[in-house]
Structures are given as structure tokens and as C-alpha cells.
Protein chains: 2
Amino acid sequence: MQSPRPQIRFEPSGRTVDASAPFSLLEIARKAGIRIAADCGGAGRCGKCRVRPVPETAATPPTAAEETLLGPALLAAGYRLACQTEPLASMSVAVVEAQVQTAFDDEVLQVLPPADPPAVSVTDLPAPAPGRPPAPSLWEEITRAASAAGGPRLGPPPPALWAELFTPNRAGRRAVWSDDRLLGLAAAGRPVLGLAVDLGTTKVAAALMDLASGRCLSRATAINPQVNYGADIMTRMAAALADETDRDALRRTAAGAVQALAEDLCRAASCPSSVAGPPLCPGRDIFAAVIAGNSAMHHLLLGLPVDELGRSPYRPVLRTALDLPAEAAGLDLAAGAQVFFPPIIAGFVGADHTAALAATGLMHSQGAALGIDIGTNTEISLAKDGRLWCCSAASGPAFEGARITDGMRAGPGAVFKVHIRSEALLLDVVGGGPAAGLCGSGLFSAVATLRRHGFLDQMGRFSRTAPFIDGQNVLLAPAGRTAHGRDLILSRRDIGELQLAKAAIRTGIDLLLAEAEIRPRQIGTVVMAGAFGTAVSPQDILDLGLLPAIAPAKIRQVGNASLAGAIRALLCLEERRNMDALAGAARYLELAGHPGFAQGFALATGLCP
Amino acid sequence: MQSPRPQIRFEPSGRTVDASAPFSLLEIARKAGIRIAADCGGAGRCGKCRVRPVPETAATPPTAAEETLLGPALLAAGYRLACQTEPLASMSVAVVEAQVQTAFDDEVLQVLPPADPPAVSVTDLPAPAPGRPPAPSLWEEITRAASAAGGPRLGPPPPALWAELFTPNRAGRRAVWSDDRLLGLAAAGRPVLGLAVDLGTTKVAAALMDLASGRCLSRATAINPQVNYGADIMTRMAAALADETDRDALRRTAAGAVQALAEDLCRAASCPSSVAGPPLCPGRDIFAAVIAGNSAMHHLLLGLPVDELGRSPYRPVLRTALDLPAEAAGLDLAAGAQVFFPPIIAGFVGADHTAALAATGLMHSQGAALGIDIGTNTEISLAKDGRLWCCSAASGPAFEGARITDGMRAGPGAVFKVHIRSEALLLDVVGGGPAAGLCGSGLFSAVATLRRHGFLDQMGRFSRTAPFIDGQNVLLAPAGRTAHGRDLILSRRDIGELQLAKAAIRTGIDLLLAEAEIRPRQIGTVVMAGAFGTAVSPQDILDLGLLPAIAPAKIRQVGNASLAGAIRALLCLEERRNMDALAGAARYLELAGHPGFAQGFALATGLCP
């Protein structure tokens, strides 16, 4: 009797396909039309087709090519190469390919530049001079040299650096210090690098910075490989709660994601002509990191228990900023490297939001200022006269393209804007090819456009007929003109999902304004962060009433402000203190169970300003 | 052909005996008359017959009894039970049996009592109250409870404590904090213990303290198990320099010695009736330690390189005080436990002397005060009006009974005082039995007595005949009246060793006085620390000119002041700052190569005040 074929579920797409050995995961994905990058065509040479199968035991053991191309840290974190791995049983496979850029517009930095003084200074180590009695200690010689170079008096060096610091062959090495702490030793001619990370539930974004110049060398985004433990964070926390092993796996997976990005970024930034010695690598060249994650990712990465974070009232065990050795975060950076974690404001207003608030300078805006970071949970902050109110709205994944009939993440093939010309729909598609689905801003644009042209009423019901309206669906594009060969549909249910998501956010804004006794017309600025918040049209936002009625010019769309905040904290210690002050000043408003919530929510479902 | 029998060298006695399997090390030692304590008679039940064989590979593998009685930490440090271990080849065996006391006079504390406030405070952890929104984090609940109990605001807890701290079952646990740092968690009904250690080249002394009451629960001394890498510290440093493996072994051996003492002390202090739960143990109950070692032991324990410490100008790599997690010192104490290392003054004026100086209050004496800790290297300090001068004299091991014909350490059988009645010698022996040898104070007493009665001239030559003087030897006791059945001898060469040792110390004192421009009659106090310095007669000291001519009443003999200083630093943070100030203020005078040394030394060899 033949055993049933293993089922392979690819994440984050969620597609499940039959498979049978001896096909590699890369071949299985290709047959199913799931794209996994592989520059070498699957020959086990480029190391790009990274995936993370769960359970690990359902995969064939790592090959020599994987040992070489992934290294021990990523293998330990469960990473595999799709071209080298065959399934032995059913499994879930996270496709975690990173998109790395070395040339980029600066949308990530459309925020305040970091302040002086820099977080890190570098001084030469004095050459050994053992012959002079009465001799001070070696360490005193080093601290005197640092002081002479304008630095502060250094505290005792951490044990992790002793071996390297007190070797007789230290000539040419440079001391890297931050405040009064020695962070590590850099060889002559090599850059001193820092890593900034925005650790999200679905995506992990990171930037590699030259700490001396403050220049960004490379930037990358990858799918959080935890997706195959559950797309949403509550499922992952439940897994962590139920099983110590899963908690540890989630921890290693999160650390592995950051480590993998760090390695990709170093590889992309390496320019052998200007850097002496071997290629850039995290374990040698990265001396500082800042990781801004939402509360759950923060806790999972650090191995902090999530039992209270996973149930009402969703409280974190620890909100305070942390400055830890890289090992404590499971990262393999330079010996002595420290990782800063900005403070958390509340269970659903995480360190990523703290970083975003600091980056956007919301606290220093004229008049009242609103900061919104839209995601599955939307963090909303309201600042006025040095005071800060925050809440989190359970907006769901609709604006990320999930739970929508033909929804997808923003990327090639995604409809991002919908027009109506002469009663016909026109679609703007990322990359210009045939449409494959609707991303969040496309969904928003479609509904706003239909509403402006009178095809939808305030309650989201169809109020006019049109050739493209068929029963409970809008036919955005017929099968013949789509990428997947099926009709591209916007259903009445999809419109309902948008209404709920939008209502959740608007209710949060309204309750926050009421709590702070601020009227909408007092709002001077609305800062919208995140992928959706940056891509969506301000006019659509206002027409559908996601925001109170304000002038469109007051809306600033700033991109990944969390990553920008992490970069700022990486480059400047003062920013870290700002974040502490900001988190300390924040008043958190719990929306669940708020007396005004139900009524406000019902009103806010209407599609109108 | 039979292979030659393995040679077993027992340390610190230095006796070498032939051996052959299947005899255990305990049996081999017994046959050779070397005492190793074994309460169970060698049945593998008491765990007392601890030894440390080198090389480890020359011994049979550990037995199940050893796994149980020694535990992984001590086995890793190379400890074995003599009754369970057989030699496979020649080896050196350190006999490290600890002498533990639970009832004692307080000679170790014949110094200043520690000041307030205590180093450690204990507060109850609040019971979990997860139901109250808007909830602060768990950590805030804990810090608020600590503040409410009168403590300061705590900094973020160390990662090592997260698991224990953030468990739902934390009811009844108590937070142990020092300054603004959480040190650990203690269960209800259990004491919060601290460990003070004086880490010497030959001996390791330790005290177990109840940090709440400041009471000493038990005290112990053991031979430093590094003795089988070389009795003197320069040999050990040479081993560390020559071989990375030896450096690591020396490190593990030093850590093992401290860990073994900690376990012995806990076992001795356990009183099941008053302590809830399992017996006291370092890994659960010791939250803080202070280790005061000489510079070489300090560096070897911490794995710091000793290449510059081992050769002129003998400089340490690091002098500053260190406050490290217990793991960094290779110790298995309670999770979160910290170990404080007092600052070093110079290569041969180590942290043990810093601790001794702080304990004796030398800096606060009226007038000029001299502090002397006599050993193989004798540390000498001179304080006046808040200033401090230090030097180290290479006095050699004569006062520890080494390099003396019938020398031995102070202990049962050691002659500690010599009288002359009617031209006959009378000996005072430790324990009252037959004499086995001369300890340092016995040597000193013998020479001073002979000199006072005119049998020796100023140059140490015999100047009168007597029945007990035979050629170049003094017959202290004939074979029939000694423990070992051989004549007990004081040779002319032994007297010469005393002259050299005494001259080294006296020259150091004189040069220090000259450097500080202080005349002998300005000296108000002489504090003598250490075993010899406490046991020797002040009159003998003055008659033989070890000290300048002062009134005998100005001499204070204080016992193990280094251990007392470690205890003080354990009990009071202010003491740690005092030590920092003291080490910072010290001016070190290098005697080697000093222009006045040679002439001063020649003069100081004379046996006269």
C-alpha cells in the first residue's frame, strides 16, 4: 500500500500542494507556480533559495552545500536551501527570500535626521609599551589613549573582549566605544557597522549602517520565517504557550531571521576594493544593533514568556528599554556587540511604534498630531503639548490583502489603484503586467472609486448597476486579462472587511481625541507610517472616513518609520533616551471594553467622510 | 617486560611515591603515611577525600560515586575522590581537603566592622494580578513593590533571571537586589547567602555569610589545587604562557577551588531545622561573592593573559575593580549572582592587599601607619594623611616553612615557639604532640631566642657552643622525640634564609619610609596580617629587626585581613567604593632596580633591632 503523498504548504501564500520525493522543495514550488529565487538555477551554489520547513524532521538532512552556504547559525535557526531539501513528510515551508537593495530612494528616512553626538566612537589602540616602570595596566594605557582622543573614561571592558583586547598583537586595532562602554575592536581599514531592524509579525525589515559616516549601506526586507507557525501573532503565542519546544523554536526562528538579513546585508554591501581583508560579515563587523519589534515579536525573540501577553489584558512582562549583549538576542555579531531594544508602550503598542514615534518627531509637532501605523493591529498615537495618548485598534489583515477574495501583498501583479472611465474599470498594477490580486491600497482605491462614482452607498451596498457589477461581486478583470487566468473579483464581503477594518481604526482615533479632549480641527498633522499607510491615497482615506475631516495637505506619509526610528537609535544615544521619555509619558487607552467603543464602531462603518 | 611503576607526587607536601594499580590514590597515600581525610574510610560515600590529579588522563575515569558526590562543576574542574581513583601513569596529586569551621573565634574579623547600608536587600515579589487593565508590565509591578519596600528604582533585570522572574508561580519568592540591580530570586524561608574569598597562591580561604544578618555561617581554608602546576606563582604563569590548554586548566582549577569551598561551606552551614526545603547549595542560595586574590590568581581565575604579569615590569592587564556575573568567573552560584573583584594596585600588590588595607582601616589611622602582609611576596603599605605608598618585597617562602631543612606549614606537629631553659631547648608544638617540623613563627622564634641568649651573632654565625649546636646545625629535637623519627634540625643555611627574607621586608619598609619622607618614630601603628604575621611574636619581630624600632604595643596582628576585607565588601557597597578610592590613591614603589635597594638590603640582613 502506498502512503499518501506529503502535503507541502508554502507560506506566506498559504498554497498547499501535493509532493513526492525525490523532488526538491524548489522543484515542487516551481511546478506549483510559486516563485522562489535561485540565481544558480537550483545547483546549490547561490544560497538564495532559503526556506524554513516545519517540522524540521520532515526534511532530508542538510547537504554539504547547505553547510557551506548557510553556516551553523542559520542551520541552527532551521533555515534550509529549497534546492537541496526534499520533503519526507507533510510540512509547512516558509519562503523567506530577502529583497536586498544597495541603491534606494530614501523613503525609509522621510523623517527627522538623527541628532548628534554619534552613538559610537572609534579610537586607535596604543601600541604595547611594556618596558616603562612603574607601568600602569594595559587597560589604563588603552583608556588613556581613548581619553586623549576626546572620549570619556571607559568602564571596565566586558569579559567577551578580554582575549582580543589583551593580546600582544593588538597593533592597528581600533577600540569601538559607545558612551563609557567598550563595544569591540575593529581591525584597521574595516568599517564599523550597525544593524537596524524592524521586526514585524509578517515582515522583517533591516538596514546596514556605517556607524562612522551614518550612511546606509544596504537595506532588505524578508518574510518573517515564523509565518509557518501561524500567520497571525496570537496563533504563534498560543504555540509558544502550549509547548516549550515551540517557544524555543520561535525564538530561534526570529533570531535566525535577523541573522540571515544581517548576512545578506553584509554581502550586498561588501565592496572589496575599499575594505581591507575578508568580506564584510556580521560576526566581525557589526558592533551595535537596534531591534524595534512589536511586543509579541520582542518577547518571542528574547524568550520572554508570552502567557500574559497572549490573553486579556495583554500585558507585556517587561516594557523598559533593554541594552543586551548580542548573544542574549541569539545573534552572532562582533564580540562585545550590544543590541538595543526600544521600550514597549503596551501589549499592542510595541517597541516598533515607539521607534516610529521618535522618528517622526510627533511629540514636537505644532498643535495636535496624530501618528498611525496601519497593520493587523493599528497603533494610533495622539500628541499635544508634550503629552501622548496611545491605543491599538484591531483592524485585521484586510489592508495587507489578507482575508480578501483576491487579496495579495503589495508586489508585482498587485492592483494598487482603480479608476473608472466611461463606466469601465481601469487598473494600475505594480510592475505593469496583468493583475494578480488586490493589495491594501488597491482595495481601498477600488471601494473609494466605486463610492465616489455612486456605485456604492454609505453602508457599502451596491446602489447602481454597471457592467462590472455581477450580483454580490465587482468584476475587476476577467479571467483572460489576469495573471492567474481566473476572474479578479471584489466581493461584497471584501467591502465589508474594509468597512470593519476602517471602523476599528476610526473608532480608535475618535476615542483617543475624546480622551485627550482634542477636537479634529485642532489636528495639525497626521503622520501615516507603514506600507499601506504610505501607499494609500490621502483623498481615498478622507473620502472613506478613515480619518476625521482634515485638509489632505496635513497628511504626511512616511514609509517604514519603525525602521527609521531603529536607525536613529543606532546612530545616536540621545535618541534612545528620547524613546525612554516618550514611552514613559505615553498614556495607553484600552479600546476593548471601552464604554464608547460599540456605538462609535457602528457609526464608523459608514463609507463617508 | 614490565613497565616502570608510576610515580605519584603528592602536593603540597611534595612527597613522591611509587605506585601500581589497582591501588587507589587513597590507599597509595596511606601506605606512604600521607594523610587524606576520608570519613567513610574510603567507601566512596563521604566525598571528603578530594584530590586533583594532573594530568587528568593519567587517572581512571570517574565512577558513579564521584558523579554523585562531586557533581559536574567539580569534575569539570578536575576534582576526583582519592578512594575512587587509580593511577594509570605517573602523576601529580594535589591534596586539597578543606578545613571547615562552623564555630570559631573571630580572628578573621579583628578589623573594622562593615559600614551601613548593607550591600543586599530583599523584598517580596508581588503576587500576580493580571486582571487589572490598563495593566503595567509584570516588571513594573515588581519594581513598584521594591520601591514601596524602600528600595531604589531597579534597572532592567538581567536575562539570566527572566525565566524565574516571569513565571506565573512566583508567589512567595523574594527579590534580592543590590543597589539598583536585581541579583536573583530567593524562595520563601531560605537565607540569602554571600561568599567571601581570599584566593592565595597556596591557600584559599573563604567565608559563607548570611547577607541579611551579616553573620558568618561557616569558614574554610583549603590548599589551592593549582599547587600541582607548581608551588610558586611564577611557575604557574610560565605554564599558562607556554600552553593555552594549561592556561585553561589553571583557570578551571582556580574556579573549581572556589566552587568546592562554597559547597563545603554550604554543607557545613546547613541546619535543616531552620531552613525550608533542600540543603543549602551555592547554585541556589549564594547571590553575591567577593574574590580578593593576588594579581596572578586574579588573572588566572578570570582567564586574563599573564604574559606581561609574568615578566618585568610585572604589569597586570587590568587593575580596575570588576563586578561580573558568576559565570564569567567560572562559578555556579544562583542565577543572576554577581562576583565583585576588588581593584589591583600593582603586579605584586594585588586585590588581596587592597581588601586587607580596607579591612584594617589603615588609611584612617592616626599618624603614619604601616600595613604588612607577609608571604612569598610581602605587600607593604604606608599610609599618612590620606596618602598611600605601596611596595612588594620578594621575601621568599621561608616564613611559610618552605626551603627550610625541617620546615613545614603551621599545623599539627609544627614547632611554633622555642625557649631556652638551662642551656636546653624547649619546643612549643601545635597540638602538643611530638615535633614534626618548624613553621614560620617557630623558625623566627628559634633564631630570636638563640640570638637573645648569645648563641648567634649579628651576622647569624654561631658565637657560643652549646650541647644542641653541632657544627653548622642546631639540633632542636633528637630523632627519638620527633614525629617522623629523624633529628629535627635548624641549619646555618636556614638561618641565612631567614636573614634574606627578613632583609627583603625591612628594606621595603625603609625605602617606603624614605620615599614618603616619614621617620620611623612617626609610625603610630603597624598592622601585620596573614598567618605568619599574626602568629609571630612582636618582640621577636623587633629583636631581629624585621620592623624599625617602635614600641611593641604599636603592633596589631589581625589574621586574614584579605578575607576580612572581602567580607566587608560583600556586606557593604560603600566598602567597594572605598577600595576603589584606595587603589586609585596608591603610589607604587618598584623595589627591583631601586638605587637604594642593594645597600639597604645588605645592611638589613643583620640580626638586630
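Two exercises with worked solutions follow, one on a pair of helices and one on cysteines.

The model is predicted, so local features need pLDDT of at least 70 and side-chain atom pairs count only at pLDDT 80 or more, while totals for chains, interfaces and linings use all residues. Residues are numbered from 1 along each chain as its sequence is written, chains are lettered from A and ligands numbered from 1 in the order in which they are written, and side-chain values use heavy atoms, with hydrogens and water left out.

**Exercise 1.** Describe how helices H5 and H8 of chain B cross, and name the residues that meet.

*Solution.* Begin with the axes: those of H5(B), residues 233-242, and H8(B), residues 295-302, come within 10 Å and cross at roughly 30°. Because angles under 35 degrees count as roughly parallel, H5(B) is roughly parallel to H8(B). Next, list the contacts (heavy atoms within 4.5 Å): B:Ile233, B:Arg236, B:Met237 and B:Ala240 of H5(B) meet B:Ala296, B:Met297 and B:Leu300 of H8(B). Sorted by class, this contact has six nonpolar residues, no polar ones and one charged residue.

**Exercise 2.** How many disulfides do the chains hold, and why is A:Cys216 not bonded to A:Cys266?

*Solution.* Start from the rule that a disulfide is a pair of cysteine sulfur atoms within 2.5 Å, by which the count over all chains is zero. The sulfur of A:Cys216 has its closest cysteine sulfur in A:Cys266, 12 Å away, which is too far for a bond. B:Cys391 is likewise in no disulfide, since the nearest cysteine sulfur, that of B:Cys390, is 7.8 Å away. Finally, consider accessibility, where buried means under 20% relative accessible area (1.4 Å probe, protein chains only): A:Cys216, at 13%, counts as buried, and B:Cys391, at 0%, counts as buried too.

Terms used
Axes fitted to C-alpha atoms, helices over the stretch in contact; angles between N-to-C directions. Helix = DSSP H or I, 4+ residues; strand = E, 2+ residues; numbered from the N terminus. Parallel < 35°, antiparallel > 145°, perpendicular 65-115°, else oblique. Nonpolar A, V, L, I, M, F, W, Y, C, P; charged D, E, K, R; others polar. Buried < 20%, exposed > 50% of the residue type's maximum accessible area, 1.4 Å probe, protein only.
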